[in-house]
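Hi,

Here is the structure I promised to hand over. Have a look at it first, and then read on for what turned up.

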Amino acid sequence: MNKLTKKNKNKTVSAHKKPSIAHVVEKIAKENILTKIHYLEQVASGNIVRRESDRGNNVVPIKPGKIWELLPKSVRQFNKWSWNSALGDTFSWEKTFLTNSHDTLCRYPELRLRLESALDLLKKLQHDEGISSSKSPNKLTRELKVAIARLKALEMEKIDRDLELHRTRSELSILKEKFESTKADLKFEINKLQEEISALRRTEQSK
């Protein structure tokens, strides 16, 4: 094998062989994104892994509001999302994670789809939870009182409108009677005038 052939062969091998450092960095970046998506999917599916109590094996309850404050709401927030002490105090997740670049996420369309699906589920859970938590007994009692007050106000308004309608109908009836009376008087006057005109014409013709 001559030197030129050997040199070209070495170039071909080098072109298909990925640098080891770049390969490791890319693998770590992908695993970091996978870890973040996995934790979001856990919460979205209802499998919220809580931190165990320091004094025993009892699970420390987590307020729903606290959960949503710790989680990303969009792809942009996801990219900036990283492990912090609040997450460590709340969840018993084993792996920590870092921020990631948007370009890295876009290199894996299947992960982008998984992320968007998880975010959609989280938004729905937060919305449903907000509706549920907003219906407390005290709030429902206040809403009931407001509804009763509005109903009474509407009933009073209906009574006023009925009275006004009754007055209007009475006035209309009086006006109708006056109209009929005036109409009859006018007809009488018209007939009388017509008779007088006819009488005058006959008098003139007889002369």
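First, a term: accessible areas here come from the Shrake-Rupley method with a 1.4 Å probe, and for residues only the protein chains shown count as cover. On that basis the chain exposes about 16,700 Å², with carbon and sulfur atoms supplying 57% of it.

Some ground rules. This is a predicted model, so to speak of local features we need pLDDT of at least 70, and side-chain atom pairs count only at pLDDT 80 or more, while totals for chains, interfaces and linings use all residues. Residues are numbered from 1 along each chain as its sequence is written, and side-chain values use heavy atoms, with hydrogens and water left out.

Now the overall picture. The chain has 8 helices and 0 strands, where helices (H or I, at least four residues) and strands (E, at least two) are DSSP runs numbered from the N terminus. Of its 207 residues, 16% count as buried; that word means under 20% relative accessible area, with exposed being over 50% and partly exposed in between (1.4 Å probe, protein chains only). Take contacts (heavy atoms within 4.5 Å) between residues at least 6 apart in sequence: 65% of them join residues at least 24 apart.

Next, the largest nonpolar core, meaning a set of buried Ala, Val, Leu, Ile, Met, Phe, Trp, Tyr and Cys residues joined through side-chain atoms within 4.5 Å. Among its 24 residues, Leu-40, Val-43, Leu-71, Trp-81, Trp-93 and Leu-115 touch the most other members. Helices α2 (20–44), α3 (64–70), α4 (75–80) and α7 (109–134) each supply at least two of the core's residues, and α2 gives the most, with 6. Leu-40, for one, has a list of partners that includes Leu-71, Phe-78, Trp-81 and Leu-122, once residues up to four places away in sequence are set aside.

Leu-122 is worth a click too. This residue is in helix α7 and is buried, at 5% relative accessibility. Its C-alpha atom is separated by 7.6 Å from that of Val-43, although the two are 79 residues apart along the chain. Beyond its neighbours within four places in sequence, Leu-122 is in contact with Leu-40, Val-43, Ala-44, Trp-68 and Leu-71.

As for α2 itself, its 25 residues should span 36 Å at 1.5 Å a residue (1.5 Å times one less than the number of residues). The end C-alpha atoms are 36 Å apart, which agrees.

Last, the rings. Rings of Phe, Tyr and Trp (its six-membered ring) pair if their centres lie within 6.5 Å; planes under 30 degrees apart count as stacked, over 60 as edge-to-face and the rest as tilted. That gives 4 aromatic pairs. In one of them, Tyr-39 and Phe-97 have ring centres 6.0 Å apart and planes at 50°, so the pair is tilted. Tyr-39 lies in α2 and Phe-97 in the loop between α5 (85–90) and α6 (102–106), so this pair ties together parts 58 residues apart in sequence. Both residues are buried. Phe-97 also pairs with Trp-83: their centres are 5.8 Å apart and their planes at 90°, so this one is edge-to-face. Trp-83 is partly exposed, with a relative accessible area of 24%, whereas Phe-97 is at 3% and counts as buried. Ring pairs link Tyr-39, Phe-78, Trp-81, Trp-83 and Phe-97 into a cluster.

Cheers
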